[in-house]
Protein chains: 2
Amino acid sequence: MARWDTIAIVGVGLIGGSIGLAVQDRGLARRVVGVGRQLSSLRKAKRHGTVSITTTDLAGGVHDAELIIVCTPVADIVTRVGAVAKSCRDGALITDVGSTKAEIVTSLEAMLDQRATFVGSHPMAGSDRGGAENARPDLFQGRVTVVTATPRTPRAAEQTVAEFWEALGSTVVRMTPSAHDQAVAMISHATHVIASSLAAATDPAELVLAATGWSDTTRVAAANPELWRQILLSNRDAVLQSLDKFEKVLSTFRAALQCSDEARIAQLLEMGKQTRDALGS
Amino acid sequence: MARWDTIAIVGVGLIGGSIGLAVQDRGLARRVVGVGRQLSSLRKAKRHGTVSITTTDLAGGVHDAELIIVCTPVADIVTRVGAVAKSCRDGALITDVGSTKAEIVTSLEAMLDQRATFVGSHPMAGSDRGGAENARPDLFQGRVTVVTATPRTPRAAEQTVAEFWEALGSTVVRMTPSAHDQAVAMISHATHVIASSLAAATDPAELVLAATGWSDTTRVAAANPELWRQILLSNRDAVLQSLDKFEKVLSTFRAALQCSDEARIAQLLEMGKQTRDALGS
């Protein structure tokens, strides 16, 4: 017997679609409802088998679900979770996949009543290629998912959401919303700004000489600009602090290069290598 | 019948080893001699089948070769090509694989006599993992190799070197040494500084949250610091200019983020995406 009867996914792009595929592959729910606003996206989700039923009717779509995962762009999450909370059944559990957490969780805690419970999530997985056509059932396999809790989060709800991500193959890390936002500011958000700036600063005429170095370093710059604009603005202060930290290292590097300080250049390259090697390939 | 009787490779790491494998796989030479200074590297090259014979004796190793490819770190290339030119037979052709060209080609043109001919090369292929154990016969397949020529380069020699790289599967692009150094300053060298600085600026404690974004963006930071120190110093001025260009875009980005200028942020992300998309995946 499946762990869940009905799971609803609001927003069936890359992440929502991958959740749908993973839930079905692993037999975690009897039914996966995909809710979306655009018929074209819903048709694509259906065609790629990411969900069992699709609907543009949010209220009807989430009505029977015990678990609802909101996978819309960051700027829509609060509104969509609010709408879900108005239509879902008593005791339903709502989570999201937003790349930032503090703004979302704070707004929702001020807004939601006791009927539905919201627990913030952020699976650290994605691709520069969005849409249900790029969804993969193993997207969360071996990846970390952050589950955030605040003093107001019921322990049982937090636990259930954590178990859901674990069932999709993720390793769950628990953090407060603001600790999450601090932690991803460099490793994800400032990284995106840097990769994007490098791509923007490169003369397209020189691309003929691009090898795997430039191509890997700038890969994330191909992602959806609108989604990333929202993410960066939603975690602005922490991203600016991370950019400061990066620019400090870069200007040390530049100064060392300017005066051909061999030892300092070697040391900076070694520092970078040590941290990169610590991650593995 | 093979195109060449004997090819000698001086320096049998990743690049030299991959050339050896490719030459043998494609039957381009009857014999591939690997010349190195360290017995351990030569043994590894032999064990991985990258060359047919190995020797630490440079003079003896290159004596019978019609084509000699010097694959040592950038800072050693001039000295090693000089030594090769003293020992090789009349009419032998020497090339290299150095990531910078102006310094190397200028020094060698001032140094070499007429007996041997040097033509600079730079295959735009590599890996953050060095050594013969990572050599691959298809490393140059579908990649660009820059062949540099100056007014003093004999046309026939330039043509032969270009044909050699084409025989390994490369597309050859001809440039002057200084045009090459300008062109790779951003796409390869400044890219390395940026990726390395990002890795160095990242708190290792946050690596638990690293997804493919950070991992791709910083991949090149894992490369050998000593090799890269030499490359950066050998193309210092052009790298500094490229870093300027990058920092200008980054500071525009920072300013837009600081004042939450949604339109400007979107525009910068869009610019980066356009250039990245122009390369393809």
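**Exercise 1. Describe the make-up and dimensions of chain A.**

Solution. Chain A holds 11 helices and nine strands, where helices (H or I, at least four residues) and strands (E, at least two) are DSSP runs numbered from the N terminus. This is a predicted model, in which local features need pLDDT of at least 70 and side-chain atom pairs count only at pLDDT 80 or more, while totals for chains, interfaces and linings use all residues. Residues are numbered from 1 along each chain as its sequence is written, and chains are lettered from A and ligands numbered from 1 in the order in which they are written.

Next, take the dimensions: along the principal axes, the C-alpha atoms of chain A fill a box of roughly 65 × 45 × 30 Å. Finally, of the 281 residues in chain A, 55% are buried, that is, have 20 or more other C-beta atoms, placed from the backbone, within 10 Å of their own.

**Exercise 2. Work out the strand order of the six-stranded sheet in chain B, and find its edges.**

Solution. The six strands form an open, parallel sheet in the order E3-E2-E1-E4-E5-E6 (chain B), two strands being paired if DSSP finds at least two bridges between them. Strand E3 (53-55) and strand E6 (117-119) of chain B each have a single partner strand and therefore stand at the edges, with one side left without a neighbour in the sheet.

Then examine one pair within this order: strand E4 (residues 67-70) and strand E5 (residues 93-96) of chain B pair in the parallel sense over four bridges, and Ile68(B) has Ile94(B) in E5(B) as its bridge partner.

How values were computed
Buried ≥ 20, exposed ≤ 12 C-beta atoms within 10 Å, placed from the backbone.
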